[in-house]
Amino acid sequence: MRSIRAAAAGAVTLSLALAATACGGGSATGGGSNDSPKTLTYWASNQGAGIEVDKKVLQPELDKFEKQTGIKVKLEVVPWSDLLNRILTATTSGQGPDVLNIGNTWSASLQATGALLPWDAENFGKIGGRDRFVDSALGSTGAEGKDPAAVPLYSMSYALYYNKKLFADAGISKPPATWDELVADGKKLSKDGKWALGMEGSNPSENIHHAFVFAKQHGADFFTADGKADFTGDGTVAAVKQYVDLMAKDKVIAPGNAEYAQNQSVSDFAKGKTAMLLWQSASANLESQGMSKDDYGIAPVPVRSGTPGTGKQVNSMVAGINLAVFKNTDNSDGAAKFVKFMTSDAEQKILNKAYSTIPPVKSAQTDAAFATPANTVLKDTLAKSAVALPQVADESQFETAVGTAVKSLFADAAAGRPVTTGSVKAALEKAQQQMPAA
């Protein structure tokens, strides 16, 4: 197994700056080999309610793969708080896993390091072909016009989960369809020690996902058409303020959520402490924490007015997990076999059922398990009203810079400090200054 150095705080920008020249590793040519044909190392992302849940889901499948191929897979489930820095450190040191999960929004950034195997026609041919995958999932695998840096593994979209009993007790007959309705309902629900909505205010990735969607609903983008950062336009400032105002002004999110970064908002919802949750494919997580599927409903994420769709009616980013291979793997053939196994119809059904996600493999979606009301909401959102985050080389810095800026604004809100248009713009200006020079 290859060793990994601990990633230092702030490694994101430095790692990407070095990656183009520092990447190298397993084989003498830096281009991969089959020097270790009997083993693979695999970094999985934390998809379940905890790391141990993921191990229970994945290990039986890895054992199955070993029985079929004779290749032993050494699994490590990496928390989201560590995953990106761990990957970036590996791209510079050349000492990483053979195969790894990446958040699909990171695809273009990691592609730019040159560390990942490109999925050209030959490599796709080894796993059954590119046309097996849903187009929207392929749209978040790397920069436009380049061979994908990874293969879709799990597809997700955001949805609004709501507690049926708390809604009924408050006299609310249906989930909110607009943000004004959500705030109005939220004021009825935030009482007796309970709050309307849960949020992860200290999680930069969650922050950027919501800020991106709010910006789309305001007709704004964080990048110009030619890929340059533009964080301080009126629309982006208004979008971030609307998001943070759910705590600062509207008082429908508990101040303590400003410190949440490890799925605490999901646990609060499962325990009945909050009435609503905005989350990606949460059903399996909720049920693993003892919440019956009969106790909650699922609806599309609200929009400003009207119904979800394209343009200003977007209500989710195209969420998902991609499976990547380090270019310098010591088991090139085994890595290809593993990706083929994980994206096979049978495994796609098993894994996506376990995580209540949607298979990005077209033929696997026909299983009845993916036709439930909850999964129908997710599939409809992916098909009609979700868009990919910018597939630009600076995307991971964008997530870190703007996500951290939003985190600081939530901290202000929780402390009772005013969150104004001016303070939001100042935070976004500071974030833009952290981006690489054009």
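How much surface does the protein expose, and what share of it do carbon and sulfur atoms supply? The protein exposes about 17300 Å², of which carbon and sulfur atoms supply 51%; accessible areas come from the Shrake-Rupley method with a 1.4 Å probe, and for residues only the protein chains shown count as cover.

This is a predicted model, in which local features need pLDDT of at least 70 and side-chain atom pairs count only at pLDDT 80 or more, while totals for chains, interfaces and linings use all residues. Residues are numbered from 1 along each chain as its sequence is written, and side-chain values use heavy atoms, with hydrogens and water left out.

**Figure 1. Overall view of the protein.** The secondary structure comes to 17 helices and eleven strands (DSSP runs numbered from the N terminus: helices are H or I of at least four residues, strands are E of at least two). The C-alpha trace spans about 65 × 50 × 35 Å along its principal axes. Buried residues make up 55% of the 438 residues (buried means under 20% relative accessible area, exposed over 50%, and partly exposed in between, with a 1.4 Å probe and protein chains only). Among contacts with a separation of 6 or more, 77% join residues 24 or more positions apart (contact means heavy atoms within 4.5 Å).

**Figure 2. Close-up of S157, in the loop between β4 (151-156) and β5 (158-163).** S157 counts as buried because its relative accessibility is 0%. A polar atom of the S157 side chain lies 3.4 Å from the backbone oxygen of L378. Leaving aside neighbours within four places in sequence, S157 is in contact with W279, Q280, S281, S316, M317, A319, L378, T381 and L382.

**Figure 3. Close-up of E206, in helix α9 (residues 204-217).** The relative accessible area of E206 is 7%, so this residue is buried. Not counting residues up to four places away in sequence, E206 touches Y158, E200, Y243, L278, W279 and Q280. From C-alpha to C-alpha, E206 and K430 are 19 Å apart in space, and they are 224 residues apart in sequence.

**Figure 4. Close-up of G256, in the loop between α10 (234-248) and α11 (264-270).** G256 counts as partly exposed because its relative accessibility is 38%. A distance of 48 Å separates the C-alpha atoms of G256 and S36, which lie 220 residues apart along the chain.

Note on methods: A polar contact is a pair of N or O atoms within 3.5 Å; within protein, one must be able to donate a hydrogen and the other to accept it, and residues adjacent in sequence count only if both atoms are side-chain atoms.
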